[in-house]
Amino acid sequence: MSSPLERSLSVLEYLAARPEGKALSAVAQDLELPLSACHRVLTELVRCGYVRQMRDHGDYALTTKLAALGLSYLGGSGIVDIAQPIIDRLADVSGELVRLAIVDGDRLTFVAKAQGARFGLRYDPDMGIDLRLSCSAGGHAWLMTLSEERALELVVKQGFGEPAAYGPRAPTTWKALEQVLQEDRARGFSLIEEVYAPGMNAMAAPVQRRGEDTIGVITIAGPAIRLTAARMLELGPALTTAAGELAMASTASPIFVRQAAARQATA
């Protein structure tokens with residue numbers, strides 16, 4: 001049986017993906033929680049200001065309190081201040097969406113972005129999501145810097161996900177993924193075509209100082225009709241240069257310094 005804390009976190013994560021709100025019955029059913037226990041969790045989260053009931057006996061939705069905490073944390077970490085000028089320049093050069101994701105334990109999470117598309121179709125998914133490592137350019141860019149054992153461990157832990165939820169070319173086995181990672185290593189950055197989503201392409205490079213672990217990845221993503229394989233190869237040098245600049249500047253961020261120290265302590 002899950003603890004009250006685990007239940008609370010599960011509800012927060014569930015509602016974070018559903019900004020329109022959900023009824024008590026739907027939350028309980030989807031999370032496989034007893035209705036009474038789910039109601040207690042939601043009542044406590046409302047009392048603490050993290051959740052609101054949209055109307056009497058109506059749907060429950062997150063307030064901005066949790067988002068404010070995250071923004072406050074990122075602001076104090078210095079990540080965005082350091083990264084934003086770099087990803088802004090790359091967005092201008094590429095004309096596409098550029099994002100930074102940071103490594104946090106076994107997860108890779110988007111924390112900053114810059115939109116380079118000034119007209120036409122703009123690809124701009126939600127921020128703050130954890131990347132699916134097996135079928136995202138950012139996930140591949142991180143995995144390609146790890147040992148085969150560690151990369152396999154992370155992918156197995158997270159899973160490949162449902163094929164229907166991703167692009168038609170998403171790998172569904174470790175053998176297929178490892179072949180992709182070998183090509184990425186030889187190229188120096190990852191490149192995917194209709195892997196994460198139909199009609200969308202992306203590329204990514206690891207943010208990594210020489211001899212140290214990867215601390216994040218920079219991605220470029222856009223419509224396949226515009227961000228073609230040839231275009232991505234053209235952007236490769238600009239992408240890897242930006243990742244290198246951020247790696248060098250990362251020593252000014254307390255969170256990156258702390259993560260590096262933690263990894264050295266457990267090595």
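Two strands count as paired here if DSSP finds at least two bridges between them. Keep that in mind as you walk through this predicted model.

**Stop 1: the sheet.** Start by selecting the five strands in the order β4-β3-β7-β6-β5, which form an open sheet with antiparallel pairing. At its edges you will find β4 (107-115) and β5 (190-193), each of which pairs on one side only. Turn the view a little and follow the twist, which averages 20 degrees from one strand to the next.

**Stop 2: one pair of strands.** Now zoom in on β3 (residues 97-104), which is joined to β4 by eight bridges, the two strands running antiparallel. For a single example, pick V98 and look across to β4, where A114 is its bridge partner.

**Stop 3: the helix across the sheet.** Next, select helix α5 (residues 79-94). Helix α5 lies across β3, β4 and β7 (216-223), and its direction makes an angle of about 60 degrees with β4.

**Stop 4: a glycine in a loop.** Finally, move to G161, found in the loop that links α7 (148-158) and α8 (174-187). Is G161 buried or exposed? The answer falls in between: G161 is partly exposed, because its relative accessible area is 34%, and the class runs from 20% to 50%. Which residues does G161 contact, once neighbours within four places in sequence are left aside? Select R132 and Y166 to see them. Then add C135, 26 residues from G161 along the chain, and display the C-alpha separation of 9.2 Å between C135 and G161.

Terms used:
Residues numbered from 1 in each chain as written. Predicted model: local features only at pLDDT ≥ 70, side-chain atom pairs only at ≥ 80, totals over all residues. Heavy atoms only, no water. Helix = DSSP H or I, 4+ residues; strand = E, 2+ residues; numbered from the N terminus. Buried < 20%, exposed > 50% of the residue type's maximum accessible area, 1.4 Å probe, protein only. Contact = heavy atoms within 4.5 Å. Axes fitted to C-alpha atoms, helices over the stretch in contact; angles between N-to-C directions.
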